[in-house]
Amino acid sequence: MKKGLLLVAFVLLACSAVFAGPFGIEMGWTYDQLVSNGVKVIGDPYVDNNVASYEVAPEKTHSSFDYYIVRIDEKEGVYSIEAYGSIQTNEFGTQAKEAYENMKQQLSKGYGKPIELEYLKSGSIWDEPRDWMMGLVKQERTCSSFWMFEGRADHLQSVMLDLTAKYTDTGRLVLRYESDKTHEILERVKASQASVL
């Protein structure tokens, strides 16, 4: 009997480790579950159409990111987790590209080969190697990777990694995790906005 209980406990523990969400946050958690699992909420939320956005300090962090945002729907719970990190770089984007590639490799170990969108818009004048960061600043260069899923037990539908920039000496890594409930939530928000017109 004791061996059976130990086996069940071990299986449950193993399953919880397998389905541990990004940064230790699970899709579908309520605000109370978020807090009870050790996630610290920073400041007041931004609330719009029953969706609350919180800056948080998760228990599990990654050295590439400076801050984290969690979006919680009143009905569906956590449906979006975002992480943001800054990278000091040169105008060639050397350090920014390295950080992006490193993050993409780390994500690929867990999620497989990504779909990649890495290009400079046709006709852009920022086509010299030393213009690499300026292309990002002008939003004429795209540097993105994403992973899509269906039917996962953890309700994860997509992971998106972007490299963006506001200044030529600073790149920004943006990592987004979206739930399979995201589309439904956004459609509900659109419908509620349309109803007031």
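## Helix H3: two faces

Helix H3 has a face turned away from its buried side, and that face carries the exposed residues Glu98, Gln105 and Lys109. This comes from a predicted model. The buried residues of H3 are Ala96, Tyr100, Met103, Lys104 and Leu107. Seen down the helix axis, these buried residues fall within an arc of 105 degrees, so they line one face of H3. An α-helix has 3.6 residues a turn, so residues three or four places apart point the same way.

What covers the buried side? Several elements do, including strand E4 (77-88), strand E5 (115-120) and helix H4 (132-137). Strand E6 (141-148), strand E7 (156-167) and strand E8 (170-179) also cover the buried residues of H3.

## Helix H3: length and end

H3 runs over residues 94-111, which makes 18 residues. At 1.5 Å a residue, the helix should span 26 Å. Its end C-alpha atoms are 25 Å apart, which agrees. Just after H3 comes glycine 112, with a positive phi of about 90 degrees.

## Serine 144, a contact point

Serine 144 lies in strand E6. Is serine 144 buried or exposed? Its relative accessibility is 12%, so it counts as buried.

Residues up to four places away in sequence are left out of the contacts that follow. Serine 144 touches Tyr100, one of the buried residues of H3. Serine 144 also touches Ile115, Glu116, Leu117 and Glu118. Leu161 and Asp162 complete its contacts.

## Aromatic pairs

The structure holds 8 aromatic pairs. One of them joins phenylalanine 23 and phenylalanine 65. Their ring centres are 6.2 Å apart and their planes stand at 80 degrees, so the pair is edge-to-face. Phenylalanine 23 lies in the loop between helix H1 (2-18) and helix H2 (31-36). Phenylalanine 65 lies in the loop between strand E2 (51-57) and strand E3 (67-73). The pair therefore ties together parts that are 42 residues apart in sequence. Both phenylalanine 23 and phenylalanine 65 are buried.

Phenylalanine 65 also pairs with tyrosine 68. This pair is edge-to-face too, at 6.4 Å centre to centre and 65 degrees between the planes. Phenylalanine 65 has 7% relative accessibility. Tyrosine 68 is buried, with a relative accessible area of 4%.

## The aromatic cluster and its arginine

Which residues form one aromatic cluster? They are Phe23, Phe65, Tyr68, Tyr111, Phe149 and Tyr177. Tyr111 falls within the residues of H3, 94-111.

A charged residue joins the picture at phenylalanine 149. Arginine 152 lies over the face of this ring, at 4.8 Å from the ring centre. Arginine 152 also forms a salt bridge with aspartate 154, the closest N and O atoms being 2.8 Å apart. Arginine 152 is partly exposed, at 30% relative accessibility. Aspartate 154 is buried, with a relative accessible area of 13%.

## Salt bridges

The whole structure has 11 salt bridges. Side chains of opposite charge can pair when their charged atoms come close. Arginine 71 and glutamate 82 meet in one such bridge, at 2.6 Å from N to O. Arginine 71 lies in strand E3 and glutamate 82 in strand E4, so the pair ties together parts that are 11 residues apart in sequence. Arginine 71 is partly exposed, at 24%, whereas glutamate 82 is buried, at 6%.

Arginine 176 and aspartate 162 form another bridge, at 3.0 Å from N to O. Arginine 176 lies in strand E8 and aspartate 162 in strand E7, so this pair ties together parts that are 14 residues apart in sequence. Arginine 176 counts as partly exposed, at 24% relative accessibility. Aspartate 162 counts as buried, at 17%. Aspartate 162 is also one of the residues that serine 144 touches. Arg71, Glu82, Asp162 and Arg176 are linked in a network of salt bridges.

## Proline 22

Proline 22 sits in the loop between H1 and H2, as does phenylalanine 23. Proline 22 is buried, with a relative accessible area of 13%.

Which residues does proline 22 contact, leaving aside neighbours within four places in sequence? They are Ile81 and Tyr177. Tyr177 belongs to the aromatic cluster. Isoleucine 81 is 59 residues from proline 22 along the chain, and their C-alpha atoms are separated by 7.7 Å.

Conventions: Residues numbered from 1 in each chain as written. Predicted model: local features only at pLDDT ≥ 70, side-chain atom pairs only at ≥ 80, totals over all residues. Heavy atoms only, no water. Phe/Tyr/Trp six-rings, centres within 6.5 Å; stacked < 30°, edge-to-face > 60°. Helix = DSSP H or I, 4+ residues; strand = E, 2+ residues; numbered from the N terminus. Buried < 20%, exposed > 50% of the residue type's maximum accessible area, 1.4 Å probe, protein only. Lys NZ or Arg CZ within 6 Å of the ring centre and 35° of its normal. Expected span 1.5 Å × (residues − 1). Arc of directions from axis to C-beta. Contact = heavy atoms within 4.5 Å. Salt bridge = Lys/Arg side-chain N within 4 Å of Asp/Glu carboxyl O.
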